[in-house]
Amino acid sequence: MLQHLSAPEAEVLVREAVSGAPAGVLVRAGSGQAIVLTCDYPCHLDFWTGLLALLGARPRHTHDAPVPGIVVTSTADPGGQRLVHLLNVGPVDQSLVLSRDGRPLFGGRRIDLPARSGLMLPEGVMLPEGAGDLAWSTCELAGPGLLRRRGTGDAAQVGDRLLTWPDDPAARGQTVRPDQERPAPGHSTPSNGS
């Protein structure tokens, strides 16, 4: 469906191929602006990202997944504890590195996300009973102080300790306590000066 526009003051962004009539415009009113698109335009991500960039909107979360279908958002409490929500709405498994404001999250680790599935990954979450700060984890929370392993790419940062677990599909669903785990090989617990 296409509706032609009459907006002589607007900047034309999209024209109908046959008639050349405007079908998408950037309009300004006072200090505001809007893009009006009156055609059924398909989901070409670069096109929509470019339109939003014209309005000054840039994606906060980005990723390097090779196929469209990844949805990312996050929620945080007033103290800054955050859950990053990843959804793969596509029909294919994806492997991606997630970034926020251009900086890689989760230590730059790849996150495997099966087709039509999702994850809620913690960032900056306080562990119970003074066990420290869970800076991030590629495993989901499974309860107070517990992480549920995914079986591949499992890692967490607790304070300055980097924890990793060997890839093992049989470990999927197992719970671990990151405050009681040993640091990853090659990483040591920082000295407390005593």
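Good morning. I begin with one pair of residues: Arg-28 has Gln-33 in β3 as its bridge partner. That pair belongs to a predicted model, and I shall use the pair as our way into the structure.

The strands around this pair are β2 and β3, joined by six bridges in the antiparallel sense. What lies between them in the chain? The two strands form a hairpin with two residues between them, and Gly-30 in that turn has a positive phi of about 65°.

On the other side of the story is β1. Strand β2, residues 22-29, runs antiparallel to β1, and four bridges join the two. Here Val-14 has its bridge partner in β2, namely Gly-24. The hairpin of β1 and β2 has six residues between the strands, and Gly-20 takes a positive phi near 80° there.

Taken together, these three strands form an open sheet in the order β1-β2-β3, with antiparallel pairing. Why is one side of β1 and of β3 left without a neighbour in the sheet? Strands β1 (11-15) and β3 (32-37) stand at the edges and each has a single partner strand, so one side of each has no neighbour there. On average, neighbouring strands of this sheet are turned by 15° against each other, direction ignored. For those new to the subject, strands of a sheet pair through backbone hydrogen bonds, either parallel or antiparallel.

A helix accompanies this sheet. Helix α1, residues 45-54, lies across β1 and β3, and its direction makes an angle of about 155° with β3.

The same helix leads us to the pockets. As background, rolling a probe the size of a water molecule over the atoms shows where empty space is left. The largest pocket has a volume of about 450 Å³. Its lining consists of 16 residues, and those nearest its centre are Leu-45, Thr-49, Pro-59, His-63 and Ile-70. Two or more lining residues come from each of α1, β4 (61-63) and β5 (70-76). Which element gives the largest share? That element is α1, with four residues. Sorted by class, the lining has 10 nonpolar, five polar and one charged residues.

I now turn to the second largest pocket, whose volume is about 270 Å³. It is lined by 17 residues, and Asp-112, Pro-114, Leu-119, Arg-150 and Arg-172 are the closest to its centre. Strands β10 (111-113) and β11 (117-126) each supply at least two residues of this lining, and the largest share, three residues, comes from β11. By class, this lining has four nonpolar, six polar and seven charged residues.

Strand β11 deserves a closer look. Seven bridges join it to strand β6, residues 82-88, and the two run antiparallel. Within that pairing, Leu-86 stands opposite Leu-119 in β11; Leu-119 has already appeared among the residues closest to the centre of the second largest pocket. Strand β11 also pairs with strand β12, residues 133-137, in the antiparallel sense over three bridges. There, Val-125 stands opposite Leu-134 in β12. The hairpin of β11 and β12 has six residues between the strands, and its residue Glu-129 takes a positive phi near 55°.

Further along the chain is another open sheet. Its three strands follow the order β13-β14-β17, and the pairing is antiparallel. Which strands form its edges? They are β13 (140-143) and β17 (175-176), each of which pairs on one side only. Strand β14, residues 146-148, pairs with β17 over two bridges in the antiparallel sense, and Arg-148 stands opposite Thr-175 in β17.

Finally, a word on confidence. The mean pLDDT of the protein is 87, and 92% of its residues reach 70 or more. Where does pLDDT stay under 50? It does so over residues 187-194, for which the model has four contacts beyond four places in sequence. As a general rule, where pLDDT is low, the predicted coordinates should not be read in detail.

To close, I return to the pair with which I began: Arg-28 and its bridge partner Gln-33 in β3 sit in an antiparallel pairing of six bridges. Thank you for your attention.

Terms used:
Residues are numbered from 1 along each chain as its sequence is written. This is a predicted model: local features need pLDDT of at least 70, side-chain atom pairs count only at pLDDT 80 or more; totals for chains, interfaces and linings use all residues. Side-chain values use heavy atoms; hydrogens and water are left out. Two strands pair if DSSP finds at least two bridges between them. Axes are lines fitted to C-alpha atoms, for helices over the stretch in contact, and angles run from 0 to 180 degrees between N-to-C directions. Contact means heavy atoms within 4.5 Å. On a 1 Å grid over the protein atoms alone, a cavity is a set of points where a 1.4 Å probe fits but cannot get out, and a pocket is an open set with protein on both sides within 12 Å along at least five of seven lines; lining residues have an atom within 4 Å of a point. Grid points are joined across faces, edges and corners, and a volume is the space filled by probe spheres set on the points. Ala, Val, Leu, Ile, Met, Phe, Trp, Tyr, Cys and Pro count as nonpolar, Asp, Glu, Lys and Arg as charged, and the others, Gly among them, as polar. pLDDT is the predictor's confidence in each residue, from 0 to 100.
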